[in-house]
Amino acid sequence: MAQQGNLTPADELWMKDLTLVFVFSGGGDGGDVGDGEGVGLPRKRVLLGMKKRGFGSDRFNGFGGKVEPGETVEQGAVRELKEESFLDAQAMEPRGQIYFEFEGSPKVLHVHVFEATAWTGDAAESDEMRPEWFDVASIPFDRMWADDRFWFPRLLAATPFTGYFLFRGEQTILTHVLEDGGDVSFDRLRTTALKQLQEQ
Ligand SMILES: Nc1nc2c([nH]c(=O)n2[C@H]2C[C@H](O)[C@@H](COP(=O)(O)OP(=O)(O)OP(=O)(O)O)O2)c(=O)[nH]1
């Protein structure tokens, strides 16, 4: 049986809502990306940001952060995209939800993943992020959070997903569960993941 480590009892966990927004482009001539090329076109390139400071720094990621009091999750997603990349989202589609638990911590990050399906503006560097377009065939997973390589294929295919990841520190995934469907119960995912961990 694998060591369960320092896990918080289920009734002592609490959730924090965070957003994570991805922007895709249809590609084109490889020059100026232009204004929201919309969903339905082939996803040729994805905009990622190199996080310059704070949680997850020195990694590429989508754009996002904490949902503020008084705003909806979607409003938070639009605001963070603007603050971190200077793009204006005209339409957002929910793509998935990911729950992150860290060994030894009662706080669960509930990350709402969106795609900005219509947007305007040109991405530019902010205090927090240095944006860069990547071909979807060469996404830099070795410079991203370790969980991203699991769910990114579903994001690229616009297949709704829900995931649970248990981390030890910020590098090591102890166990995870990923399912199709955008709103799978956290309790069920966690129970399944911890059972897997026990059986390892
Ligand atoms: N791709 C990926 N993103 C993650 C993971 N874990 C995690 O919190 N995120 C995202 C969710 C948020 O977009 C971001 C963390 O937000 P944050 O708390 O650092 O927010 P922030 O620096 O923008 O701070 P603030 O502006 O909200 O104050 O990282 C992960 O494992 N993979």
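Phe102 is located in strand β4. The model is predicted, and this briefing covers the shell around its ligand, helix α1, the main nonpolar core and a few individual residues. The ligand is surrounded by 17 residues, and the largest nonpolar core has 40.

**Phe102**
- Phe102 has 18 other C-beta atoms within 10 Å, so Phe102 is partly exposed.
- Gly56 stands 46 residues from Phe102 along the chain, and the C-alpha atoms of the two are separated by 14 Å.

**Shell around the ligand**
- Phe55, Gly64, Gly65, Lys66 and Trp145 are the closest of the 17 residues that surround the ligand.
- Strands β1 (14-25) and β5 (107-120) each give the shell at least two residues.
- β1 supplies the largest share of the shell, three residues.
- Sorted by class, the shell holds seven nonpolar, six polar and four charged residues.

**Helix α1**
- Helix α1 runs over residues 73-85, 13 residues in total.
- From the first C-alpha to the last, α1 reaches 18 Å, close to the 18 Å expected at 1.5 Å a residue.
- The buried residues in α1 are Gly76, Ala77, Val78, Glu80, Leu81, Glu84 and Ser85.
- An α-helix has 3.6 residues a turn, so residues three or four places apart point the same way.
- The buried residues of α1 pack against five strands by name: β1, β2 (45-51), β4 (88-102), β5 and β6 (129-135).

**Largest nonpolar core**
- Within this core of 40 residues, Val21, Val23, Leu81, Leu87, Ala89, Ile98 and Ala116 have the most contacts.
- The largest share of the core comes from β1, with six residues.
- Apart from neighbours within four places in sequence, Ala116 is in contact with Val21, Val23, Leu81, Leu87, Ala89 and Met92.
- Leu81, one of the buried residues in α1, is thus listed among the contacts of Ala116.

**Positive phi angles**
- Most residues other than glycine have a negative phi.
- Asp58 is not a glycine, yet has a positive phi of about 65 degrees.
- The loop between β2 and β3 (60-61) holds Asp58.
- Asp58 counts as exposed because it has 9 C-beta neighbours inside 10 Å.
- Phe86, also not a glycine, has a positive phi of about 75 degrees.
- Phe86 comes just after α1, in the loop between α1 and β4.
- Phe86 counts as partly exposed because it has 15 C-beta neighbours inside 10 Å.

Definitions and conventions. Residues are numbered from 1 along each chain as its sequence is written. This is a predicted model: local features need pLDDT of at least 70, side-chain atom pairs count only at pLDDT 80 or more; totals for chains, interfaces and linings use all residues. A residue is near a molecule or strand if its C-beta atom, placed from the backbone, lies within 6 Å of it. Helices (H or I, at least four residues) and strands (E, at least two) are DSSP runs, numbered from the N terminus. Ala, Val, Leu, Ile, Met, Phe, Trp, Tyr, Cys and Pro count as nonpolar, Asp, Glu, Lys and Arg as charged, and the others, Gly among them, as polar. The expected span of a helix is 1.5 Å times one less than its number of residues. A residue is buried if 20 or more other C-beta atoms lie within 10 Å of its own, exposed if 12 or fewer, and partly exposed in between; C-beta atoms are placed from the backbone. Two residues are in contact if their C-beta atoms, placed from the backbone, lie within 7 Å. A nonpolar core is a set of buried Ala, Val, Leu, Ile, Met, Phe, Trp, Tyr and Cys residues joined through C-beta atoms within 7 Å.
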